[in-house]
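Hi,

Here is the structure I promised to pass on. Have a look, and my notes follow underneath.

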Amino acid sequence: MRVFKFGGSSIASAAKIGNVASIIRRELNHTPLVVVVSAVGGVTDRLAEAATLAGKGDDVWRQKLGAISAVHEGIIQELFPGDPFGAGPWFRGLMTELNDVLHGVCLLRELSAKSQALILSYGERFSSQIVSLFLQQSGIRSEGVDARNLIVTDQNYCFAKVDRLATGKLIHERFRTFDPVPVVTGFIAAAPDGSVTNLGRGGSDFTATILGAALHAEAVWIWSDVDGFYSADPKRVSDAKVIPLISYAEAMELSHAGAKVLHPLAVQPVMKAGIPLLIKNSFNPESPGTRIGKEPPLQEAHPRTVTGLTSINHVVLLSLSGSGMAGVPGTASRLFSCLARHSINIIFISQASSEQSISLAIAPGQAPMAKKVLEEEYAREIEERRIDPVSVRHDLAMVAVVGNKMSGHPGVSAQLFETLGKNGINVIAVAQGANEMNISLVIDSSDEDKALNCIHESFFLSMRKVHVFIAGTGTIARNLISQIRAHRSTLQREMELDIVVSGLANTRTIRIERQGIDLDHWKEALYPREGHEGFGHYITLIQAQNLHNTVVVDCTASRQVAESYPRLLQANISVATANKLGMAGPWELYRKIKDAERSSNARFLYETNVGAGLPIISTLSDLKNSGDRIICIEGVLSGTLSFIFNELRKGGRFSEIVRGAKAAGYTEPDPRDDLSGADFARKLLILGRELGYRLEYDEVECQSLVPESCRGEMTAESFLLQLSSIDDWYTEEMESAAREGMTIAYTGELKDGKAKVGLKRVPLHSPVAGLNGTENLVVFTTDRYRLTPLVVKGPGAGGEVTAGGVFADILRIASYLE
């Protein structure tokens, strides 16, 4: 014999009741059944609302009752055409009875726990009879059974304690046979005086396991609208998976810690009787579901240390603290006894080893009463300042990480807290039992989804996910998107890393998609900014997403985005940037960025600020961190200027070369931006700051190649026409240098805390003279590399190369977040 329990979602309509009848009919071919049903979906909530309104004398309770009646009348009319079983008159009679009870409560304007339990009982009394009658109509002998005649409890009406001995005796007396099929009311019971009690919300699960244990059932099956116990709530963690096998103890821990699949007390009866409990989906009956039983054999057990995680998303943390608590016997006992006397349920307990503080998590509705009674209990100690007034912290959530195999397995806590830390999630309180099966954490409720997702990814998924938000859609951004699209599957396969572009924005358009933007159609996905002006609002929207493993990628030249770096880092959002206006901006901004990075768990990478895809900043950092002393840094750090002077060495004329560079896309729209040397100077400024020099931009000695006559207001085309006036000077200078075995180049030097960029004669055998195209070159002269300086050389400009450098920074951040 098996016990089948069907939840409210499984019988929420006539069609769903028909589906339940099919499941029962199919199972009856193999074994006898006892069926337990909840109220029709949503009815218990409506009954509770009607009772509360009636208790306040608010006639709106009649509307709530009318809605309850309409739901059941609709089901009855659809299930029983012509009503051959008299379901309609029977239902209306019971509704009249319920109406009278609510009317009495309204007249008295008093809703006692006893009256509330009676009112809530009608939901199951309606549903069990409707299901039983429909089974009869479907050719299955059946009868409705009222659990008030089976389950005996104390008089704690709305969360009654079951008398197992008296209940077992009644169940055995009632069920000598299982034909006709009994359809039992879940949730409700009765006190010894016959008054109605209930087993707490979701108590129909408990009803089923009480019956299963008393009748020595082969198994108890809980049918709901989910495929089983999940590794996390699938509504909050999209990657959550069904757990095929879990132990009784794990199921109890998960249920008590907030998993809504099963009533917290439902496991106890079947665990004592050694009866397996199955969680099944009535809308997907072929799914294997979750089997709850004894610890499975090692070869069948899941290999993970953590079985599942769950959360309670609204808790209040009460803290009692003070030096007068230390070493005083009975302090904790008084606290727990006080709360127990007032029926205040404790969800979570944490006590400091110094004995000077105890923190408790409770439901928000009980917080005012808990604070009041505790301050009354400890009034004398508070008055004498041996104990502080009770502190109350709201808007919190509790997350529980559960697993049998956590016991004796080193590193689980370390992995958990490291994962939370890297995602900037602050742990307010923590508790772990001696059995090491459950680590519970209290965090800000705003971080709950983020915590669940990053913990789940850390313990359950081999594939790590990084959420990338790109600012800018220009050349660098377009190349970056193409590279991510082309290599995403390779990263998934070879690195178990998924780069998800969750946001894109420029000055006119924007798109945010938590699950990822389709990179094949990203341009079409963008929509006008309407009401979301400026990059500042984009940054605010990114923070509001509060996704784990978030990286902001700056592909703009926007000062506004650069100024947001400290804000992002303080929110533990990592940044990869190709924008030099942060690290080469005012010293105060540079300092804020560095301070924010040091004080957070986020990473700030800007390799492309100096040499596009060349490893210049990382090389400098490695030299410094390994103890080498940097004597001098020199070289060419402008792809545009490198190209111009490389072409000059081939005999071209300066103005024609500049015009050709512009046509090839090597210069800015106005070539004066490159010829001014400002970009080169910013790169040298960044390197100087990396060496620890407190430099401002105006302290970099910078020689502009723009003639004085061309520095006023004029178009780029006018400038290019006038530029020919200095062609002869460059020709003569190149010839003069050649006679001395030299050539001219636009180079930079950083030495003794001073930075300068400008024209310089260099030997023809110098590495600078051997550059080609837009190549950059940096020469590090250090204590270790004094005789033969360390040279970094390669392409230093171009959207594809720079995007590749940014992509590499994203991957470095992803590796850190692992």
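Leu 504 stands opposite Arg 511 in strand 19. This is a predicted model, where local features need pLDDT of at least 70 and side-chain atom pairs count only at pLDDT 80 or more, while totals for chains, interfaces and linings use all residues. Residues are numbered from 1 along each chain as its sequence is written, and side-chain values use heavy atoms, leaving out hydrogens and water.

Helices (H or I, at least four residues) and strands (E, at least two) are DSSP runs numbered from the N terminus; two strands pair if DSSP finds at least two bridges between them.

Back to that first pair: strand 18 (497–505) and strand 19 (509–512) are antiparallel over 3 bridges, and they form a hairpin with 3 residues between them. Strand 19 also pairs with strand 20 (527–528), antiparallel over 2 bridges, with Tyr 527 as the bridge partner of Ile 510.

Then there's an open sheet of 8 strands, order 3-4-2-1-7-9-10-8, with mixed pairing. Its edge strands are strand 3 (142–145) and strand 8, each pairing on one side only. Within this sheet's order, strand 9 (277–281) and strand 10 are antiparallel over 3 bridges, and Leu 278 has Arg 291 as its bridge partner.

Helix 8 (248–256) has several buried residues (under 20% relative accessible area, with exposed over 50% and partly exposed in between; 1.4 Å probe, protein chains only), among them Tyr 248, Met 252 and Leu 254. Just after helix 8, Gly 258 takes a positive phi of about 120 degrees.

Cheers
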